[in-house]
Amino acid sequence: MFKKKVSGAVVSLSWALGLVVSSAAYAGPMDGNSSDVMLQGFHWRSTETSPWWGVIQGKAADIKNSGFTMVWFPPSSDAASNEGYLPRQLYVQNSKYGTEAQLKAAIGALHTYGVKALADIVVNHRVGTTNWADFTNPTWGSWAVTKGDEWTGATGNYDTGDGYSAARDLDHTNATVQTDLKSWMNWLKSSIGYDGWRYDYVKGFNGSYVGNYNTGTVPYFSVGELWTDLNLGNPDAHRQQLMNWIDATGGKSTAFDFTTKGLLQQAVQYNEFWRLKDSAGKPSGAIGWWAAKSVTFIDNHDTGPSSPSGGQNHWAFPGDKVMQGYAYILTHPGIPCVYWVHFYDWGHAAAIKSLIAARKEKGVTSTSAVSIQAADTSKYAAIITGNSGSLAMKIGSGAWSPGTGWTLVNSGTNWAVWKK
């Protein structure tokens with residue numbers, strides 16, 4: 001386990017309300033040098049294109065050919081909300097995204113091309129079928145809801161994390177809740193075809209339960225969404241929270257690297273590239289401390305801009321600098337996750353494909369070594385050593401070159417990537 005002791009309080013950076021993005025948990029082949037690259041297979045308004053499962057199915061070959069090895073699906077259970085984040089009947093897999101048969105067809109198409117499917121597991125909270133807490137499929141009583149929930153009928157134990165006011169907070173200390181959730185998740189694997197999990201809103205319950213659920217379901221991959229306030233003046237406190245959560249899972253899950261997202265978008269927006277190098281000379285996000293357990297990303301359905309498509313605009317990466325972000329995460333360690341909108345809707349597919357191809361060609365993995373060459377007010381540059389070569393990258397307006405012997409992979413406004 002990795003624990004780094006950091007002192008200092010965390011103060012809020014401006015991020016709005018939104019559903020937390022869960023961290024990832026590894027099992028077996030993922031517990032080390034991962035070469036996986038994830039695609040977030042939806043955005044906040046995907047239900048407006050019906051059936052969305054048909055869209056994913058139709059792009060299965062392209063997803064494989066683009067270099068993605070995993071696709072994160074939106075919540076597929078019956079829910080009180082169109083987007084699926086207010087789950088109702090867990091075993092009912094007909095949703096606003098399509099029917100159960102269409103879901104299976106989409107997953108089956110990905111499997112044909114060797115691509116894994118990750119289910120969005122929303123188990124922090126749940127809503128009743130017709131009222132506050134008449135839970136069916138599976139059937140639970142008042143004992144499944146944490147004491148102190150908005151529903152006054154709750155009789156469970158106290159919550160082990162932050163409350164969630166839009167639905168009933170589930171009592172993960174209850175043995176029946178634990179057993180039923182593991183049974184449902186194993187059914188998602190055996191009957192629906194899912195390979196792993198993306199855990200929603202993991203700040204709502206103790207990370208040990210994610211470890212428990214992963215032990216009981218053995219996912220190919222798991223990632224958790226631990227979204228908390230970032231103080232730009234003390235990012236170590238923020239990434240320490242990620243480390244503590246991963247430790248709480250017993251090291252059985254990865255987490256989305258919100259620290260890297262926050263620092264990276266601050267760097268490209270305000271020419272503060274020095275933020276990307278910590279006092280030890282390493283990357284200043286979670287990847288600098290535990291890269292094998294860190295899932296890097298630029299935006300998702302919560303953070304991304306609402307215009308021109310797809311997000312809730314809670315903490316958006318600067319739209320004109322998105323490729324600087326991908327030049328960073330697709331060359332660096334960690335497990336990179338590409339947002340559907342950036343790839344399929346914003347015209348960045350060719351550039352992103354070229355970076356994924358270079359990453360795979362040079363054998364850059366989740367634990368590859370990074371040598372930071374520059375981190376100042378005009379640029380960030382680094383050389384990343386893979387298993388079969390190296391990549392060099394530069395973002396920012398400042399001039400930098402890796403020198404002789406390097407071949408340019410691709411470049412654009414204020415970004416460039418080379419290979420050797």
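This report walks through a five-stranded sheet, a pair of helices and two buried residues in a predicted model.

## The five-stranded sheet

Let's start with the sheet, which is open and has five strands in the order β12-β13-β14-β16-β15. Its pairing is antiparallel. At the edges sit β12 (369-375) and β15, each of which pairs on one side only. From one strand to the next, the twist averages 15°. As background, strands of a sheet pair through backbone hydrogen bonds, either parallel or antiparallel.

If you follow the order from β12, you come to strand β13 (residues 380-385). These two strands run antiparallel and are joined by six bridges. To find the pairing on your screen, look for Ala-375, which stands opposite Tyr-380 in β13.

## The β15-β16 hairpin

At the other end of the strand order, β15 (residues 407-412) and β16 (residues 415-419) run antiparallel, with five bridges between them. A handy landmark here is Leu-408, which stands opposite Trp-418 in β16.

The hairpin of β15 and β16 has two residues between the strands. Here Asn-414 is worth a look, as its phi is positive, near 65°.

## A helix across the sheet

The sheet also has a helix lying across some of its strands. Helix α9 (residues 322-329) lies across β13, β14 (390-395) and β16. Relative to β14, α9 runs at about 150°.

## Helices α6 and α7

Now for a helix pair. Helix α6 (residues 235-248) packs with helix α7 (residues 258-270) at an angle of about 150°, and their axes are 9 Å apart. Angles over 145 degrees count as roughly antiparallel, so that is how α6 and α7 are described relative to each other. From α6, the residues Pro-235, His-238, Arg-239 and Leu-242 meet Phe-258, Thr-259 and Leu-263 of α7. Sorted by class, this contact has four nonpolar, two polar and one charged residues. An α-helix has 3.6 residues a turn, so residues three or four places apart point the same way.

Does the length of α6 agree or disagree with what its residue count predicts? At 1.5 Å a residue, the 14 residues of α6 should span 20 Å, and the C-alpha atoms at its ends are indeed 20 Å apart, so the two agree. Helix α6 is mostly covered, with 10 of its 14 residues buried. Among the buried residues are Pro-235, His-238, Arg-239 and Leu-242, the α6 residues that meet α7. Others buried in α6 include Trp-245, Ile-246 and Asp-247. Just after α6, Gly-250 takes a positive phi of about 75°.

## Two buried residues in strands

Is Trp-72 buried or exposed? Trp-72, found in strand β3 (residues 70-72), has a relative accessible area of 1% and is therefore buried, the cut-off being under 20%. Its C-alpha atom is separated by 20 Å from that of Lys-203, which is 131 residues apart along the chain.

Pro-336 lies in strand β11 (residues 335-339). With a relative accessible area of 0%, Pro-336 is buried too. Which residues does Pro-336 touch, not counting those up to four places away in sequence? They are Asp-36, Val-37, Met-38, Thr-296, Ile-329, Leu-330 and Arg-359. The C-alpha atoms of Pro-336 and Tyr-326 are separated by 8.8 Å, and these two residues are 10 residues apart along the chain.

Conventions: Residues are numbered from 1 along each chain as its sequence is written. This is a predicted model: local features need pLDDT of at least 70, side-chain atom pairs count only at pLDDT 80 or more; totals for chains, interfaces and linings use all residues. Side-chain values use heavy atoms; hydrogens and water are left out. Two strands pair if DSSP finds at least two bridges between them. Helices (H or I, at least four residues) and strands (E, at least two) are DSSP runs, numbered from the N terminus. Axes are lines fitted to C-alpha atoms, for helices over the stretch in contact, and angles run from 0 to 180 degrees between N-to-C directions. Angles under 35 degrees count as roughly parallel, over 145 as roughly antiparallel, 65 to 115 as roughly perpendicular and the rest as oblique. Contact means heavy atoms within 4.5 Å. Ala, Val, Leu, Ile, Met, Phe, Trp, Tyr, Cys and Pro count as nonpolar, Asp, Glu, Lys and Arg as charged, and the others, Gly among them, as polar. The expected span of a helix is 1.5 Å times one less than its number of residues. Buried means under 20% relative accessible area, exposed over 50%, partly exposed in between (1.4 Å probe, protein chains only).
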